[in-house]
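The exercises below are intended for a reader who wishes to practise reading a protein fold from its model. Please work through each task with the structure at hand before consulting the solution.

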Amino acid sequence: MRSFVAASLEADCPVAFLNLDNGKVKQLHRWHWVTLIGLDGDTASIVDNGEAFTMDLHLWYDTTKTRGGFVSALGAGEEFASC
């Protein structure tokens, strides 16, 4: 998970994160999409409804019951340039 998020952010591509259960991370809402915009070790920078905060991804992963998903649109986008 961490390597996927890191590779996406290194490619200057934010990561959409669907949190289904926040575990012990109190800042997150259940069944909710947020945007990951940074990663420093296990600390992720998140934007949700215009508010920025950080969370411990490792703590979330270890304590969530139903996890969630991470989505990134990697690539240069040339295939959409003529649309």
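The following exercises treat a predicted model, and each task is followed by a worked solution.

**Exercise 1. The overall fold**

Task: Determine how many helices and strands the protein has, and in what order the elements run from the N terminus.

Solution.
- Step 1. The secondary structure consists of 2 helices and 5 strands.
- Step 2. Read from the N terminus, the elements follow the order α-β-β-β-β-α-β.
- Step 3. Of the 83 residues, 33% count as buried. The protein exposes about 5300 Å², of which carbon and sulfur atoms supply 53%.
- Step 4. Among contacts between residues at least 6 apart in sequence, 50% join residues at least 24 apart.

**Exercise 2. The sheet**

Task: Establish the order in which the 5 strands lie in the sheet, and identify the strands that stand at the edges.

Solution.
- Step 1. The 5 strands form an open sheet in the order 4-3-2-1-5, with antiparallel pairing.
- Step 2. Strand 4 and strand 5 each have a single partner strand, so one side of each is left without a neighbour in the sheet.
- Step 3. On average, neighbouring strands of this sheet are turned by 35 degrees against each other, direction ignored.
- Step 4. Helix 1 packs on the sheet and touches strand 1, strand 2 and strand 5; the direction of helix 1 makes about 75 degrees with that of strand 2.
- Step 5. At one end of the order, strand 3 and strand 4 are joined by 6 bridges and run antiparallel. In this pair, Thr43 stands opposite Asp56 in strand 4.

**Exercise 3. The surroundings of strand 1**

Task: Describe the partners of strand 1 and explain why strand 1 is largely enclosed.

Solution.
- Step 1. Strand 1 is joined to strand 2 by 5 bridges, and the two run antiparallel. Phe17 stands opposite Val34 in strand 2.
- Step 2. A further 4 bridges join strand 1 to strand 5 (residues 68–71), again antiparallel. Here Ala16 stands opposite Val71 in strand 5.
- Step 3. Because 4 of the 5 residues of strand 1 are buried, strand 1 is largely enclosed by the rest of the structure.

**Exercise 4. The nonpolar core**

Task: Find which elements give two or more residues to the largest nonpolar core, and list the contacts of Met55.

Solution.
- Step 1. The largest nonpolar core has 14 residues; those with the most contacts inside it are Phe17, Leu28, Leu36, Ala44, Ile46, Met55 and Trp60.
- Step 2. Two or more residues come from each of helix 1 (2–10), strand 1 (15–19), strand 2 (32–40), strand 3 (43–48), strand 4 (51–56) and helix 2 (57–63).
- Step 3. Leaving aside residues up to four places away in sequence, Met55 touches Phe17, Val25, Leu28, Asp42, Thr43, Ala44, Ile46 and Trp60.

**Exercise 5. Three loop residues**

Task: Decide whether Thr64, Asp12 and Trp31 are buried or exposed.

Solution.
- Step 1. Thr64 belongs to the loop between helix 2 and strand 5. Its relative accessible area is 9%, and the cut-off for buried is under 20%, so Thr64 is buried.
- Step 2. A polar atom of the Thr64 side chain lies 3.1 Å from the backbone nitrogen of Arg67. Thr64 also touches Asp21 and Gly23, not counting residues up to four places away in sequence.
- Step 3. Asp12, in the loop between helix 1 and strand 1, is exposed at 71% relative accessibility.
- Step 4. Trp31, in the loop between strand 1 and strand 2, is exposed with a relative accessible area of 62%.
- Step 5. Most residues other than glycine have a negative phi. Asp12 has a positive phi of about 60 degrees, and Trp31 has a positive phi of about 50 degrees.

Conventions: Residues numbered from 1 in each chain as written. Predicted model: local features only at pLDDT ≥ 70, side-chain atom pairs only at ≥ 80, totals over all residues. Heavy atoms only, no water. Core = buried A, V, L, I, M, F, W, Y, C linked by side-chain atoms within 4.5 Å. Buried < 20%, exposed > 50% of the residue type's maximum accessible area, 1.4 Å probe, protein only. Contact = heavy atoms within 4.5 Å. Pairing = 2+ DSSP bridges. Areas by Shrake-Rupley, 256 points an atom, 1.4 Å probe, with all protein chains shown as cover. Polar contact = N/O pair within 3.5 Å; in protein donor to acceptor, adjacent residues only side chain to side chain. Axes fitted to C-alpha atoms, helices over the stretch in contact; angles between N-to-C directions.
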